[in-house]
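Please walk through this model with me, from the overall fold down to single side chains.

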Amino acid sequence: MNRENYKRNIVISNFALAALLYSIGRLVFAIKPEFGFSMFPTIPAFFFLLTLLILISITKAAIVDAKKFHLNYLITRTVKLILLVAFCLVYVMCNGENNISFISSVVVCYLCYTAYEAFMLKKFNDMLSKESNKVEQ
């Protein structure tokens, strides 16, 4: 990853993860139809958009001012958790069926996207570290 194409890498890898999770969900629900498939396509789309906005905003803030990275990271994580809880509550209140499978799908997607975010932020941090080392030398 380099500074010129980090946004493109984030979008492509984020989309690939969403497509993978959607495909796995289709496979699981095809094998076990009792889980239902009512809301599952929305879950990877929700995480795709949320993660895309978070990663772009955090990386952009880190480029502008590295000191604000931690504050931006904590704010975005808090907003993400609040939106996630609201998303789940709205579904549970509006739809009384398949709540367990929906919540378990959300938890699986959350864990996958949390690992993905950590991986991408680590790669981004390594890229910035290499650039700062080149400037210092």
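What follows goes from the fold to its helices, its salt bridges and its largest pocket.

This is a predicted model. Its secondary structure comes to 4 helices and 0 strands. Along the sequence the pattern reads α-α-α-α. The chain has 137 residues, and buried residues make up 34% of them. Take the contacts with a sequence separation of 6 or more. Of these, 74% are between residues 24 or more positions apart.

Start with helix 3, which covers residues 69-94. Helix 3 has 26 residues. From its first C-alpha to its last it reaches 37 Å. That is close to the 38 Å expected at 1.5 Å a residue.

Which residues of helix 3 are buried? They are T76, R77, K80, L84, F87, C88 and Y91. The list includes R77 and K80, and both return below as salt-bridge partners. A general point about helices helps in reading such a list. An α-helix has 3.6 residues a turn, so residues three or four places apart point the same way.

V79 also sits in helix 3. Is V79 buried or partly exposed? Its relative accessible area is 42%, so V79 counts as partly exposed. The cut-off for buried is under 20%. Across the fold, the C-alpha atom of V79 is separated by 9.8 Å from that of L50. Those two residues are 29 apart along the chain.

Now look at helix 2, residues 42-64, and find I54. I54 counts as buried because its relative accessibility is 6%. Which residues does I54 touch, leaving aside its neighbours within four places in sequence? The contacts are T76, K80 and E117. T76 and K80 are both among the buried residues of helix 3, while E117 lies in helix 4. I54 also has R77 at 8.3 Å, C-alpha to C-alpha. In sequence, I54 and R77 are 23 residues apart.

Turn to the partner side and look at T76. This residue lies in helix 3. T76 has 13% relative accessibility, so it counts as buried. With neighbours within four places left aside, T76 is in contact with I54, S57 and I58. I54, for its part, is in helix 2.

Next come the charged pairs. How many salt bridges does a search of the whole structure find? The search finds 3. One of them joins the side chains of E117 and R77, at 2.5 Å from N to O. E117 lies in helix 4 and R77 in helix 3, so this pair ties together parts that are 40 residues apart in sequence. Both E117 and R77 are buried.

Another salt bridge pairs K80 with E117. Here the closest N and O atoms are 2.5 Å apart. K80 belongs to helix 3 and E117 to helix 4, so the bridge ties together parts that are 37 residues apart in sequence. K80 and E117 are both buried.

D126 and K122 also form a salt bridge. Their closest N and O atoms are 2.9 Å apart. Both residues lie in helix 4, 4 residues apart, which is about one turn of the helix. D126 has 31% relative accessibility, so it counts as partly exposed. As for the network, salt bridges that share partners join R77, K80 and E117 into one. The contacts of I54 include two members of that group, K80 and E117.

Last, find the largest pocket. About 180 Å³ of space lies in it. The lining has 11 residues. Which of them lie nearest the centre of the largest pocket? They are V28, F29, F40, S105 and V108. Two elements give two or more residues to this lining: helix 1 (6-31) and helix 4 (99-136). Helix 1 provides the largest share, 5 residues.

What is the make-up of the lining by class? It has 7 nonpolar and 4 polar residues. Charged residues are absent from the lining.

To go over the path again, helix 4 appears in two settings. It gives residues to the lining of the largest pocket. It also holds E117, whose salt bridge with R77 ties helix 4 to helix 3.

Key
Residues numbered from 1 in each chain as written. Predicted model: local features only at pLDDT ≥ 70, side-chain atom pairs only at ≥ 80, totals over all residues. Heavy atoms only, no water. 1 Å grid on protein atoms, 1.4 Å probe; cavity = no way out; pocket = protein on both sides within 12 Å on 5 of 7 lines; lining within 4 Å. Points joined across faces, edges and corners; volume = space filled by probe spheres on them. Nonpolar A, V, L, I, M, F, W, Y, C, P; charged D, E, K, R; others polar. Buried < 20%, exposed > 50% of the residue type's maximum accessible area, 1.4 Å probe, protein only. Contact = heavy atoms within 4.5 Å. Salt bridge = Lys/Arg side-chain N within 4 Å of Asp/Glu carboxyl O. Expected span 1.5 Å × (residues − 1).
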